[in-house]
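Let's look at how the labels on this structure are earned. Each question below asks for the reason behind a term, and each reply sets the value beside the cut-off.

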Amino acid sequence: MTVRVPQVNFSKGELAPELYGRFDVDVWQSALRKARNVIVMKYGGVTKRPGTRLVGSVVNAGQPVRLIPFQFSLTQTYVLEMGQGYMVPTALGGRVLQAEQAITAISNATAARLTIAFNGFSVGDPVYIDGVSGGMGAVLNYRTWTVTSVIDANTFTINADTSACAAFSGCTGGTANASPPIIVPPPTVPPPAGTVPAPVVSYGGGLGQNRGGD
């Protein structure tokens, strides 16, 4: 005997093996036997699961790192890179950066020298690079580097070896700075007003003594 049961939608997702032959239950008409690399939509259909692409190497590859998905709302989703003592958010196919600055020159050296007008970086600051053209971009792009020295207000070096790369041919993106960045000083925390004396604790006696029944 042949039984035809219409598949009206797939809102129930994937069936458990115990329900493969249970066409008599309602969930059988709204589910899939196997759903691989698809996302069940709230309207009842399914769509292919989107793939992934490299948006950046982890900040510290020498330590364990976890990627935590975070959904703020229906339209805002993030991937949080949790490392040793840091957290880096990623959204819309790229890193969430503090500021995007234009790179005008990169030297060929064992410690690459970058020229960014009024960059405001200090030794030890992390620098994420993207948009560098040519063979030098294959070495520097999508990675986080560390500032190793500050030469002047516009030039600093990072821990990247570009000595074997082709000469710098340009970089897309970024905003050229026309003046030094405004550094907001940390708030001043006043010292404590003074030492607060410890409270006086009485262990009985005097007028407050509980004498019990006399």
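Buried means under 20% relative accessible area, exposed means over 50%, and partly exposed lies in between, with a 1.4 Å probe and protein chains only. This is a predicted model in which local features need pLDDT of at least 70 and side-chain atom pairs count only at pLDDT 80 or more, while totals for chains, interfaces and linings use all residues. Residues are numbered from 1 along each chain as its sequence is written, and side-chain values use heavy atoms, with hydrogens and water left out.

Q: Why is Cys165 called buried?
A: Its relative accessibility is 17%, and the label applies under 20%, so Cys165 counts as buried.

Q: What makes Cys171 partly exposed?
A: Cys171 has a relative accessible area of 24%. The class between 20% and 50% is the partly exposed one, so that is where Cys171 belongs.

Q: Why is Cys165 not counted in a disulfide?
A: A disulfide is a covalent bond between the sulfur atoms of two cysteines. Here the working rule is a pair of cysteine sulfur atoms within 2.5 Å. The closest cysteine sulfur to that of Cys165 is in Cys171, 14 Å away, which is too far for a bond. By this rule the count is zero disulfides. Seen from the other end, Cys171 is in no disulfide either, with the sulfur of Cys165 as its nearest at 14 Å.

Q: How do you know which class Gln101 falls in, buried or exposed?
A: Gln101 has a relative accessible area of 18%, and that is under the 20% cut-off, so Gln101 is buried. Its place is the loop between strand E6 (94-95) and strand E7 (105-106). Helices (H or I, at least four residues) and strands (E, at least two) are DSSP runs, numbered from the N terminus.

Q: What makes the pair Gln101 and Asn177 a polar contact?
A: The term needs N or O atoms within 3.5 Å; within protein, one must be able to donate a hydrogen and the other to accept it, and residues adjacent in sequence count only if both atoms are side-chain atoms. The side chains of Gln101 and Asn177 meet at 2.6 Å, so the pair qualifies under that rule. Gln101 also touches other residues, including Ile116, Phe118 and Gly174, leaving aside residues up to four places away in sequence. Contact here means heavy atoms within 4.5 Å.

Q: Why are E3 and E6 called edge strands?
A: Two strands pair if DSSP finds at least two bridges between them. The open sheet of four strands runs in the order E3-E4-E5-E6, with antiparallel pairing. Strand E3 (66-71) and E6 each have a single partner strand, so one side of each is left without a neighbour in the sheet.

Q: How do you know that E4 pairs with E5?
A: Strand E4 (residues 77-83) and strand E5 (residues 86-91) share five bridges in the antiparallel sense, against a minimum of two. Met82 has Met87 in E5 as its bridge partner, and Val79 has Thr90. On the other side, E3 and E4 are joined antiparallel by six bridges, and Leu67 stands opposite Glu81 in E4. E3 and E4 form a hairpin with five residues between them.

Q: What makes Gln84 exposed?
A: At 61% relative accessibility, Gln84 is over the 50% cut-off, so it counts as exposed. Gln84 lies in the loop between E4 and E5. Among residues beyond four places away in sequence, Gln84 touches Gln63 and Pro64. In that hairpin, which has two residues between the strands, Gly85 takes a positive phi near 80 degrees.

Q: Why is Tyr142 called partly exposed?
A: Tyr142 has 33% relative accessibility, which is between 20% and 50%, so it counts as partly exposed. Tyr142 sits in the loop between helix H1 (134-140) and strand E10 (143-150), and its phi near 65 degrees is a positive value in a residue other than glycine.

Q: How do you know how the chain's radius of gyration stands against a compact globule?
A: The radius is taken over C-alpha atoms, and the globule rule is 2.2 Å times the number of residues to the power 0.38. For 214 residues a compact globule would be near 17 Å, but the chain has 31 Å.
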